[in-house]
Amino acid sequence: MVRKISPPQKTKKDVVIEVLRSAILSGELEPGERLTQEDLAERFNVSMTPVREAIQQLVAEGVLSHSPYKGVQVAEVSLEDISEIYLIRSVVENLATCKAVPNLKISDVQKLHTLHEQIIQQVEKGDLTPLRKLNYEFHMLIYKAADMPHLYKIIKTLWSKSPWDTLYVVPHRPERIVEEHKRVMEAIDRGDATLAGQHMQTHLEEGMKMLIEYLTKST
């Protein structure tokens, strides 16, 4: 008989890491933005120790960067890293989507449709600022339903290293995101986990292709 082990309680360091990572993913903290231990300790109302430990871990993961001259910053992604990050993301997010579809509740699917409609509205208005947060909520709602916490953690770490500040200024990319999300939603509505996963992988591959072309022309 396998004994079920309760998950360990989160430490102050874990909370700081979780909030910082979410702030980066949602766009609250931008690539290149400088962070100080003093400001973070005051923000989280904790001592310097958990903040210092959280920064050390996020630097090790590549989510934050540190240099003697610039201090601690939200990491910026180089063109050389983008292909590898997106290649890995396309595979693991395909897997997460496949595993998630059978677990999605009716309320989850309704929420996905709501988020999809909100994304469409923002694209039609040309107001792209909220897209990062809406897109994050859309994807993570799916991936969390996979009920694979280690995979979910890997995905969130990879998302932290993705150049979201650039993605939405790529010409026609927001409109393509809407189309690609629609295909994923149609497969989810039909309960076709394999097809939903394939559409998700294509979504990531198309994003990588358009982003690299844009950045290559811009340099």
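## Histidine 172 and the loop before H9

Histidine 172 sits in the loop that links helix H8 (164-167) to H9. In this predicted model, the residue has a positive phi, near 70°, even though histidine 172 is something other than glycine. Is histidine 172 buried or exposed? With a relative accessible area of 59%, histidine 172 counts as exposed, because the cut-off for that class is over 50%.

## A second positive phi, at asparagine 45

Asparagine 45 belongs to another loop, the one between helix H2 (37-44) and helix H3 (48-61). Here too the residue is not a glycine, yet its phi is positive, at about 55°. The relative accessibility of asparagine 45 comes to 69%, so this residue is classed as exposed.

## The chain as a whole

If you would like to place these loops in the wider fold, start with the secondary structure: the chain has 10 helices and three strands. Read from the N terminus, the order of elements is α-β-α-α-β-β-α-α-α-α-α-α-α.

The chain has 219 residues, and 45% of them are buried. How do the contacts spread along the sequence? Take the contacts between residues at least 6 apart in sequence: 73% of these join residues at least 24 apart.

## A cavity lined by H9 and H10

Helix H9, which follows the loop of histidine 172, also takes part in the lining of a cavity. The model has two cavities of 30 Å³ or more, and the second largest has a volume of about 30 Å³. Which residues line the second largest cavity? They are Glu180, Arg183, His199, Thr202 and His203.

Two elements each give two or more residues to this lining, namely helix H9 (173-190) and helix H10 (193-218). The largest share is that of H10, with three residues. In terms of residue class, the lining of the second largest cavity has three polar residues, two charged ones and no nonpolar ones.

## Two lysines to look at

Lysine 10 is found in the segment before helix H1 (12-26). It is exposed, since its relative accessible area is 54% and the class begins over 50%. Leaving aside residues up to four places away in sequence, lysine 10 touches Val15 and Glu18.

Lysine 133 is part of helix H6 (residues 131-144). Its relative accessibility is 45%, so lysine 133 is classed as partly exposed. Where does lysine 133 stand relative to alanine 23? The two are 110 residues apart along the chain, and their C-alpha atoms are separated by 9.8 Å.

## Aromatic rings

For readers who like to check ring contacts, there is one aromatic pair in the structure. There is also a charge placed over a ring: arginine 89 lies over the face of tyrosine 86, and the distance from the ring centre is 5.0 Å.

Notes:
Residues are numbered from 1 along each chain as its sequence is written. This is a predicted model: local features need pLDDT of at least 70, side-chain atom pairs count only at pLDDT 80 or more; totals for chains, interfaces and linings use all residues. Side-chain values use heavy atoms; hydrogens and water are left out. Rings of Phe, Tyr and Trp (its six-membered ring) pair if their centres lie within 6.5 Å; planes under 30 degrees apart count as stacked, over 60 as edge-to-face and the rest as tilted. A charge sits over a ring if NZ of Lys or CZ of Arg is within 6 Å of the ring centre and within 35 degrees of the ring normal. On a 1 Å grid over the protein atoms alone, a cavity is a set of points where a 1.4 Å probe fits but cannot get out, and a pocket is an open set with protein on both sides within 12 Å along at least five of seven lines; lining residues have an atom within 4 Å of a point. Grid points are joined across faces, edges and corners, and a volume is the space filled by probe spheres set on the points. Helices (H or I, at least four residues) and strands (E, at least two) are DSSP runs, numbered from the N terminus. Ala, Val, Leu, Ile, Met, Phe, Trp, Tyr, Cys and Pro count as nonpolar, Asp, Glu, Lys and Arg as charged, and the others, Gly among them, as polar. Buried means under 20% relative accessible area, exposed over 50%, partly exposed in between (1.4 Å probe, protein chains only). Contact means heavy atoms within 4.5 Å.
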